[in-house]
Amino acid sequence: MKKYPVVLLSGIAVAALIFNSCNKQTALKPLTPNLPSQKYDYESVMSNSVLQASGSNVPFNNMVSNAGATLGRVLFYDPRLSINNSVSCGNCHKQQYGFADNTALSIGYKGQKGTRNALALINSSTKASFFWDGRASTLEEQALMPVVNHAEMGMERLDVLTKKLAVISYYPQLFEDAFGSAEITEQEISYAIAQFVRSIVSTNSKFDVNSQNFTPQERRGMELFIDKFQCANCHRGENFGGAPLADTYFNEGAPSGVSIQNISNIGLDVQYADRGVGSLLNNSKLNGDFVIPSLRNVALTAPYMHDGRFATLEEAVDHYSTGILPNANLDPFLLQPNFFFNPSLPAQPVKMNMTDEEKQSLVAFLQTLTDNTLATNPKYSNPFK
Ligand code: HEC
Ligand code: HEC
């Protein structure tokens, strides 16, 4: 009678051993990127006419090349860029979600939550501001910020990173291909990542290529977006984000990418857990101001707003319909018109009071901004999978 438990127990022990050793093997398996023998085309982004129309932030010394963006792709997905080899850019910027994160607050290398919702990466070459508060104005400047960020990737010393990459088998050749020398510098790391991020473009949504076949509901949604509810006052240009780069002016002395045309307070809060631009510029009149995000691929990038508070597009639309809160910094576009006619009246937020039909049409229009090829295109995918 006693035999059974012993046999059973040793069976479990063997199973546990096998399971354990399998686990260890996968953990130790060396990471090697699986790259195509013929490099993917990234360079064509430089001549994309839709993007060119919006102005471009590409510096002359960092044009997108196929070899540069290939290296950038590997760096983007390599968890070894984090201090404990656990988190890559791709952990928070996920291709299937339009290079945003599907959780409100992304998890950094120590397993702790950040404070803001990961922004979607899209058509970056046309953007004037990066991050929710616009604190970076170029991708080259931006690229290493998450690497050194103590909550995101924790690689605080970039000289340690260059040495770390230099002894990983696949890097010297990739740097040689991209920059003509196997020596690895901080600038090259940031330039290559910037090239890859810049190559992530979307100009193939139904809105771009097939708007003549909009359903009546999609067409109605577009009209509401532009005319009745004037969403396009803020979500404008090719990216349905802030002012296109070509039309952006920066106030003299304003740091980085903060331009008054690209930021707005939409009345989400009365008390601010995150003061946004107000905190960056130490200016209480800008408390609650955030960069106007692009709505391209917005159907893929839930949850929404700088803190990911809304789970669905319907909730985001509801905010504009009835949820805008009165506050001193509310964007004038969202104030009731009587304030402009008679400024002695108290400034009140506009009440759009949308019908269900109007809300559904707006959402249907927003869905036409999705580029499904982007979410599956192998040239943007994780080469370590
Ligand atoms: C732990 C999660 C996390 C990791 C890892 C991460 N990011 Fe981000 N990323 C975010 C969050 C959150 C934001 C918004 C932060 C803010 O605005 O303050 C953001 C913003 C950005 C933006 C600004 C986009 C825009 O249009 O304004 C870019 C570009 C970007 N990240 C690229 C990268 C790159 C490149 C890497 C790897 C080197 C990376 N990120 C790693 C979470 C992450
Ligand atoms: C006054 C400028 C302004 C107007 C008008 C405006 N928006 Fe926005 N929109 C913003 C800003 C700024 C944010 C980000 C706010 C934040 O997170 O603090 C935003 C965020 C969003 C988001 C979430 C995007 C994301 O990636 O998280 C959606 C969806 C959206 N707006 C749709 C609309 C629609 C639909 C309308 C018209 C009914 C509209 N917006 C009108 C400025 C505006």
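Here are some questions and answers on the two ligands, the metal sites and a few local features of this predicted model.

Q: Which protein atom is the single donor to the iron atom of ligand 1?
A: Start with where the residue sits: the loop between helix 4 and helix 5. From there, a ring nitrogen lies 2.1 Å from the iron atom of ligand 1, and the protein gives that iron no other donor. The atom you're after is NE2 of His 93.

Q: Which residues coordinate the iron atom of ligand 2?
A: Here the protein supplies an NE2 atom and an OH atom, at 1.9 to 2.0 Å. One residue lies in the loop between helix 11 (216–228) and strand 1 (263–264) and the other in helix 13 (residues 313–323), so the pair ties together parts that are 85 residues apart in sequence. They are His 235 and Tyr 320.

Q: What is the geometry at the iron atom of ligand 2?
A: Count the donors and look at the angles: there are six donor atoms, with angles of 86 to 179° among them. For six donors, the label used here needs opposite donors over 155 degrees apart and all others between 65 and 115. The site is octahedral.

Q: How do the residues around ligand 1 divide into nonpolar, polar and charged?
A: The shell holds 26 residues, and the closest are Cys 89, Cys 92, His 93, Lys 127 and Trp 132. Helix 4 (89–92), helix 5 (139–142) and helix 6 (145–148) each put in at least two of the shell residues. The split is 16 nonpolar, six polar and four charged.

Q: Which side chain has an N or O atom 3.0 Å from an oxygen atom of ligand 1?
A: Don't pick Phe 131, as that contact uses a backbone N or O atom, 2.7 Å from a ligand 1 oxygen. Trp 132 also uses a backbone N or O atom, again at 2.7 Å. The side chain that fits is Arg 116.

Q: Which helix gives the most residues to the shell around ligand 2?
A: Ligand 2 has 23 residues around it, with Cys 231, Cys 234, His 235, His 306 and Tyr 320 coming nearest. By type, they sort into 18 nonpolar, four polar and one charged. The top helix puts in three residues, and that's helix 13.

Q: Which residue has a side-chain N or O atom 2.7 Å from a nitrogen atom of ligand 2?
A: Two backbone contacts go to oxygen atoms of ligand 2 instead: Met 305 at 2.7 Å and His 306 at 2.6 Å. The contact to a ligand nitrogen comes from a side chain, that of Tyr 320.

Q: What is the omega of the cis peptide bond before Pro 303?
A: Pro 303 lies in the loop between strand 2 (290–291) and helix 13. The bond runs from Ala 302 to Pro 303 and is cis, with omega near -5°.

Q: What is the phi of Phe 99?
A: Phe 99 is in the loop between helix 4 and helix 5. Its ring also belongs to a cluster linked by ring pairs, together with Tyr 42, Phe 76, Tyr 77, Phe 196 and Tyr 380. Phe 99 isn't a glycine, yet its phi is positive, at about 60°.

Q: How far from the ring centre of Phe 131 is the charged end of Arg 135?
A: The charge counts as sitting over a ring if CZ of Arg is within 6 Å of the ring centre and within 35 degrees of the ring normal. Arg 135 sits over the ring of Phe 131, with its charged end at 3.9 Å.

Definitions and conventions. Residues numbered from 1 in each chain as written. Chains lettered and ligands numbered in written order. Predicted model: local features only at pLDDT ≥ 70, side-chain atom pairs only at ≥ 80, totals over all residues. Heavy atoms only, no water. Phe/Tyr/Trp six-rings, centres within 6.5 Å; stacked < 30°, edge-to-face > 60°. Near = heavy atom within 4 Å. Polar contact = N/O pair within 3.5 Å; in protein donor to acceptor, adjacent residues only side chain to side chain. Helix = DSSP H or I, 4+ residues; strand = E, 2+ residues; numbered from the N terminus. Nonpolar A, V, L, I, M, F, W, Y, C, P; charged D, E, K, R; others polar. Donors = N, O, S within 2.8 Å, 3.2 Å for Na, K, Ca; no water. Tetrahedral: all angles 85-135°; square planar, octahedral: opposite > 155°, others 65-115°.
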